[in-house]
Amino acid sequence: SQFWMELFADLREAGYFNGSHEHQCLLRHCFGDVIQKDLDECVRLWNSHRIRPSRTAACPGGVPNELYYLPHR
């Protein structure tokens with residue numbers, strides 16, 4: 001996602017994007033699907049990684065998806 005933020009900042013600095021409603025719609029049309037795929041991959045990776053337990057943390061350790069869907073474990 002950092003890639004997309006930098007790309008759109010570069011487009012703005014180069015004068016190719018001015019933030020208008022039309023420009024926003026155009027970017028959504030051109031990049032929406034590929035950005036969504038990138039975000040879905042980030043979510044998948046985050047939700048499947050293991051969080052180490054810590055005595056000082058306010059949350060339990062484990063895998064985020066399991067902690068969310070199976071909180072009794």
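Leaving aside its neighbours within four places in sequence, with which residues is glycine 62 in contact? In this predicted model, the contacts of glycine 62 beyond those neighbours are with His49, Arg50, Ile51 and Leu67. Glycine 62 itself belongs to the loop that runs between α2 (21–48) and α3 (64–69). The relative accessible area of glycine 62 is 10%, and this residue is classed as buried because that value falls under 20%. A distance across the model helps to place the residue further: from the C-alpha atom of glycine 62 to that of methionine 5 the separation is 30 Å, with the two positions 57 residues apart along the chain.

Helix α3 offers a second point of reference. Glutamate 66 lies in this helix, and its relative accessibility is 43%. Glutamate 66 therefore counts as partly exposed, since the value lies between 20% and 50%. In sequence, glutamate 66 and asparagine 47 are 19 residues apart, while their C-alpha atoms are 8.4 Å apart in space.

The description now turns to the N-terminal helix. Helix α1 comprises twelve residues, 2–13. From its first C-alpha to its last, helix α1 reaches 16 Å, which is close to the 16 Å expected at 1.5 Å a residue. After α1 comes glycine 15, which has a positive phi, near 90°.

Aromatic residues complete the account. Across the whole structure, a search identifies four aromatic pairs. Through ring pairs, Phe3, Trp4, Phe8 and Phe31 are joined into a cluster.

Technical notes
Residues numbered from 1 in each chain as written. Predicted model: local features only at pLDDT ≥ 70, side-chain atom pairs only at ≥ 80, totals over all residues. Heavy atoms only, no water. Phe/Tyr/Trp six-rings, centres within 6.5 Å; stacked < 30°, edge-to-face > 60°. Helix = DSSP H or I, 4+ residues; strand = E, 2+ residues; numbered from the N terminus. Buried < 20%, exposed > 50% of the residue type's maximum accessible area, 1.4 Å probe, protein only. Contact = heavy atoms within 4.5 Å. Expected span 1.5 Å × (residues − 1).
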